[in-house]
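Please open the model in a viewer and keep the sequence panel visible. The tour below moves from one selection to the next and says what is found at each stop.

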Amino acid sequence: MNNSQRILTIAKYEWRRALARKKVSLLIILTIVTEFVPYIVLTQLPIPQAIQSIKSFMWLVGTILPYGLLLQFVAIFIATGSTAEEYEQGTADTILTKPVRRTEYLLGKFVGGYTLFAFIALITSSLAVTLSYGVFGPQQYAEYAPMMYIAIIFSTLVFFSIGFMTGELFRVSSLAYLVSSTIFIFALVLGPFLILASTLTGDQFYLDIVKWLPNWGSSNLPMMVARALFLQNLRLPFGGGDFNLTVSGTMTEAIVSIIIYTSVPIAIEVAATLSDSLLPSITKGIHSFS
Amino acid sequence: MSSEELAIEASQLVKRYRNSALIGPVSLSVQKRTIFGFLGPNGAGKTTAIRMILGLIKPESGSAKIFGIDPSANPIETLSRVGYAPELPNFQTFFTAEQLLNFAAGLHGINGETRRKKVKDLLQMVGIADHSQKKIGKFSKGMVQRLAVAQALINDPELVIMDEPTIGMDPAATIYFRDLFKEIHSQGKTIFVSSHLLDEVQRLCTHIGMIYRGKIVFQGSIAEILAKFRTNTTIEAEVREITPSIVDHLKKLHYVQNITVGTNRISITVKNGEDFRAELAEDIIKAGGKLLGLSLRQATLEDAYIETLKRGAKVE
């Protein structure tokens, strides 16, 4: 049996394990239900004329809206539980006492969890396109939906990796989720504050910091891709043109930011697993002693 | 003993926990083709020692080798030859028994018809074939333990490590599994069993290691440890009307070490742990006693275990 077969076996197992968790299933259902909300609002409530113009771009709204918050939390939730729950429940031994390298175990879990997330994102993106056509008729530039989907799942790598790392480091899923979510929300809130500080003081330094936040590339890449592909000349209510709550940058900078904030947590996690020395002793004590 | 003859070689393994509990230094040598019983009271560190040996926990110091190879450095080569059944394991409850065995077989690279046959045979062997499609979450403790043994045997391992394998099982199942382990051993396999069921260990094992408060206090064959405690051999004599003259006579005998007198019973601790029942019967009659019965009580593993733990030090 070669490495890829073992990784694939663990990845398939991770799908089953994650889907067997009631909380994950509920979160997925919530994400899908939420996908319907903008369509219900736009069809049932009186909509201002200014927003009427987005009807032909509803596929984009439906794709981007859940990504901004809900899908990120789904990714964090799947990632933090991936290894931490196995240690908490003592189920990791079933795999780790078989001829499997630790790195294969982690990679299999990562691939399994991430592809599951990608599948959930595929459902929401597909729903967005289908509902938009069904409810609002022909959509503009919908042929770019696959590109938007790729941009979204690539961007989510950052907080998926952070969640995965904290799960392996703390080995307590609730703590890992709390830490990862805090990092995400903190970065999300801090950005606009720094922009405001820059506006008030005129100091560019604050804007430079924003670009170094872990969510900058992750949050901005999908809209950057949309702008580059088809939104260059449009100004939409949800930020197709100037998006003044964030700092502008190039797509390359966003991709680099995503790669850095994805690879650093993965590197820390692999190092921690292999050395077993970076693990906080408090959690080592909880799950190792018997 | 050369390293090539060893299935497990643990050297000075030490693990300290945040709560200051210290396991080790643990040094163990388990010969190939033996049935090794790992004994110790609850919390002595048996499971931790096993987990260090398997590479599941990294020790602070020391090393562990399985078939001469460090399992944490090379899990593919070592763990493909090992089967491990943890104590009351936490398997994923969404699996059915059959799915779990298929998953375990998959990780060993066992596929196709070989896998199907192996899974079917093992479910039959551990007596849960009728529950193969039942979710593990609905299994009793005994059934989970049976499943743990089955998944440990999925790769036809050369070394089977089992942590309290018969815990939660009824007496009939315990006897069945004891015979099963003997059968596996007879195929040239090495079996390492952690247990606190002394009677079971004495019936099953050829060698034992005792751990107490994180330290190994004895390691050797069952015969060796029993020999160390042969001085505890006693003969119980049931005698009608025990008189002082009978007791005085017995006290003078060369093989008698100590005498305890009851209402119509005399308990005689004999020297060198030998069986002096024939001589004692003659001597009681010679002293004018009416002998009703004799029984020999030699040191059991339980006696040796209790005594070793009391001493709390190596008796090797």
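In which loop of chain B does R33(B) lie? Select R33(B) together with its flanking strands: the residue sits in the loop between β2 (22-31) and β3 (35-39) of chain B. The model is a predicted one, and every value given here is computed from it. The phi angle of R33(B) is near 65°, a positive value in a residue other than glycine. Around R33(B) there are 15 other C-beta atoms within 10 Å; because a residue counts as partly exposed between the limits of 12 or fewer for exposed and 20 or more for buried, R33(B) is partly exposed.

Next, select D156(B). This residue belongs to the loop between α5 (141-152) and β6 (159-163) of chain B. Here too phi is positive in a residue other than glycine, with a value near 50° for D156(B). With 14 other C-beta atoms within 10 Å, D156(B) is partly exposed.

**Chain B as a whole**

Now widen the selection to the whole of chain B. The chain contains 11 helices and 13 strands. Its C-alpha trace spans about 80 × 45 × 35 Å along the principal axes. Of the 316 residues of chain B, 41% count as buried. Among contacts in chain B between residues at least 6 apart in sequence, 69% join residues at least 24 apart.

Colour the chain by domain: domain 1 covers 3-220 and domain 2 covers 230-298. The centres of domain 1 of chain B and domain 2 of chain B, taken over C-alpha atoms, are separated by 45 Å.

**A strand residue in chain B**

Select Q257(B), which is found in strand β11 (residues 256-261) of chain B. What is Q257(B) in contact with, leaving aside its neighbours within four places in sequence? The partners to display are T269(B), V270(B) and K271(B). A C-alpha to C-alpha distance drawn from Q257(B) to T269(B) should read 5.5 Å, for two residues 12 apart in sequence. Q257(B) is partly exposed, having 14 other C-beta atoms within 10 Å.

**Helix packing in chain A**

Move to chain A for two helix pairs. Two packed helices are described by the angle between their axes and the distance between the axes.

Begin with helix α7 (residues 145-155) of chain A and helix α11 (residues 214-231) of chain A, whose axes come within 8 Å and cross at roughly 160°. Angles over 145 degrees count as roughly antiparallel, and α7(A) and α11(A) are therefore roughly antiparallel to each other. Their crossing is right-handed. To show the contact, select M147(A), M148(A), A151(A), I152(A) and S155(A) on α7(A), then S218(A), L221(A), P222(A), V225(A), A226(A) and L229(A) on α11(A). The residues of this contact divide into nine nonpolar, two polar and no charged.

Keep α7(A) displayed and add helix α6 (residues 102-136) of chain A; the axes of α6(A) and α7(A) come within 10 Å and cross at roughly 145°. α6(A) passes α7(A) in a right-handed crossing. Which residues of α6(A) meet α7(A)? They are A118(A), A121(A), L122(A), S125(A) and V129(A), and on α7(A) the residues met are A145(A), Y149(A), I152(A) and I153(A). The division in this contact is eight nonpolar, one polar and no charged.

As a last selection, pick out I152(A), which takes part in the contact of α7(A) with α11(A) and also in the contact with α6(A).

Notes. Residues numbered from 1 in each chain as written. Chains lettered and ligands numbered in written order. Predicted model: local features only at pLDDT ≥ 70, side-chain atom pairs only at ≥ 80, totals over all residues. Domains from an automatic or database assignment. Axes fitted to C-alpha atoms, helices over the stretch in contact; angles between N-to-C directions. Helix = DSSP H or I, 4+ residues; strand = E, 2+ residues; numbered from the N terminus. Parallel < 35°, antiparallel > 145°, perpendicular 65-115°, else oblique. Left-handed = near helix turned anticlockwise from the far one by under 90°. Contact = placed C-beta atoms within 7 Å. Nonpolar A, V, L, I, M, F, W, Y, C, P; charged D, E, K, R; others polar.
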